[in-house]
Amino acid sequence: MNQKIGTKCVQAGYTPGNGEPRQIPVIQSTTFKYNTSEDMGKLFDLEASGYFYTRLQNPTNDYVAAKIAALEGGSAAMLTSSGQAANFFALFNICSCGDHIVASSSIYGGTFNLISVTMAKMGIETTFVSPDCSIDELNAAFKDNTKAVFGETIANPALTVLDIEKFAAAAHAHGVPLIVDNTFPTPINCRPIEWGADIVTHSTTKYMDGHGAAVGGAIVDSGNFDWMANAEKFPGLCTPDESYHGITYAEKFGKEGAFITKCTSQLMRDFGAVQSPQNAFILNLGLESLHVRMAKHVENGQAVAEFLQSRSEVQFVNYPGLPSDKYYETAQKYLPNGGCGVVSFELKGGRAAAESFMKKLKLCAIETHVADARSCCLNPATTTHRQMTDEQLKEAGIPAGLIRISCGLEDKEDLIADLEQAFE
Ligand SMILES: *Cc1c(COP(=O)(O)O)cnc(C)c1O
């Protein structure tokens, strides 16, 4: 049955049998019992599916991952301990020492560090391209050893909108998958797989949980990328894994299952960045209302962006839902119902003006967080980016007076009144 997205938020992933718990049970157990070693051996050989140790798989996590796969329209998914782990695993599952990545330069700072510093130390090199680059500039970034293309649907914090079709076409022309971090719009507002993305990642810490309660991540495979057709590029998927009984993932699990099976049985086994079943349960409570909440976050974001744009104290406002925004057209295409509740704006008067303005806010708390039910704000120049000079900030596109506001689920009239009294 082809259900609509709200129904999937509420019901997908878990269907209880007769007399079983209506809510997803929290299977708070590290291990699982078997009658014979032979039974358990089949699981180790991936001959049978089942559970033996929560670092590899846990039923609670699998129910929630299945819901996220259904929401994104993917073939398989897995949870990770954080969004950072999700992006690392998604890339490292197909890249190793000596390989190369093409990435949008407009991405989350944590992901930028991950690939430009930590993965570089592992021998994986990245070429960054502007999300606004021409097709020719994009094609020129590829090398013989390129294994993946990476971008964010709506970048945190720059709020640039990725032209997913452009990036997917370039990736596929070079025989590699496009990985899209879809944290900000969530599958409610954009499903990158429908536009050609092959792998989708999430920091579920943000809107999916939505209550600032649990750090987590997820990886979804579209099941569309043909690894075997590009076998020479992806030996990890297309040749026997000696660390896993000589299994060739792409042969045994096909396009639909190879990526997530390898990522679980190899990377999760070895790195252990597992989400606790308790956090998966909390995440699912968030997912049950995601479709209701996202509409409200967008409504508040749009109202706050329009209000800010009307103020003389404000230099500019970034919000893809504003017709004046550079990404308005792209957003109309990929995010017809709106993007998210995050708005950024520059106050005239720089760092000092931003600092004193934020101090006066009463509803909007100063936090290193976004995408929460409670509104929050941050001035990168005095917090996350405080080691940078005003010159460096300008170069990075983060002027000293920039404030990022994450509009929560409060009534928009109250959010605007809070901003208004701070201006006065
Ligand atoms: C927060 C965030 C991450 C990192 O996620 P954590 O759950 O904090 O590890 C990755 N990508 C984007 C777009 C984010 O906003």
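# A tour that starts at strand β6

Select Val180 and Val200 to begin: the bridge partner of Val180 in β6 is Val200. You are looking at a predicted model, where local features need pLDDT of at least 70 and side-chain atom pairs count only at pLDDT 80 or more, while totals for chains, interfaces and linings use all residues. Residues are numbered from 1 along each chain as its sequence is written, and side-chain values use heavy atoms, with hydrogens and water left out.

**Stop 1: β6 and its neighbours.** Select residues 178-181, which make up strand β5; β5 pairs with β6 in the parallel sense over three bridges. (Strands are DSSP runs of E, at least two residues, and helices are runs of H or I, at least four, numbered from the N terminus; two strands pair if DSSP finds at least two bridges between them.) Now add residues 217-221, strand β7: β6 and β7 run antiparallel, with five bridges. Ile199 has Asp221 as its bridge partner in β7.

How many residues of strand β6 are buried? Five of the five in 199-203 are, so β6 is largely enclosed by the rest of the structure. (Buried means under 20% relative accessible area, exposed over 50%, partly exposed in between, with a 1.4 Å probe and protein chains only.) Colour the two faces of β6 to see the cover: Ile199, Thr201 and Ser203 are buried on one side, Val200 and His202 on the other.

**Stop 2: Ser104.** Next, pick Ser104 in strand β2, residues 100-104. Ser104 counts as buried because its relative accessibility is 1%. Leaving aside residues up to four places away in sequence, Ser104 touches Phe128, Val129, Pro131, Phe150, Gly151 and Leu162; a contact means heavy atoms within 4.5 Å. Try a distance label to Val129: this residue is 25 places from Ser104 along the chain, yet their C-alpha atoms are separated by 5.0 Å.

**Stop 3: some unusual backbone.** Most residues other than glycine have a negative phi, and most peptide bonds are trans. Go to the loop between β4 (146-152) and α7 (164-173), where you'll find Pro157. The peptide bond from Asn156 to Pro157 is cis, with omega near 5 degrees. Leu159 lies in that loop between β4 and α7 too, and has a positive phi of about 60 degrees although it is not a glycine. Is Leu159 buried or exposed? Buried, with a relative accessible area of 1%.

Jump to Ala371, in the loop between β10 and β11 (376-378). Ala371 is not a glycine either, but its phi is positive, at about 65 degrees. Its relative accessibility is 0%, so Ala371 counts as buried.

**Stop 4: a five-stranded sheet.** Now show β8 to β12, an open sheet with mixed pairing in the order β8-β9-β12-β11-β10. At the edges sit β8 (314-318) and β10 (365-366), each pairing on one side only. β8 joins β9 (residues 342-347) through four bridges in the antiparallel sense, and Val314 stands opposite Leu347 in β9.

**Last stop: zoom out.** With everything on screen, the chain has 16 helices and 12 strands. Its C-alpha trace spans about 75 × 55 × 40 Å along the principal axes. Of the 424 residues, 54% count as buried. Finally, look at how the chain comes back to itself: among contacts between residues at least 6 apart in sequence, 73% join residues at least 24 apart.
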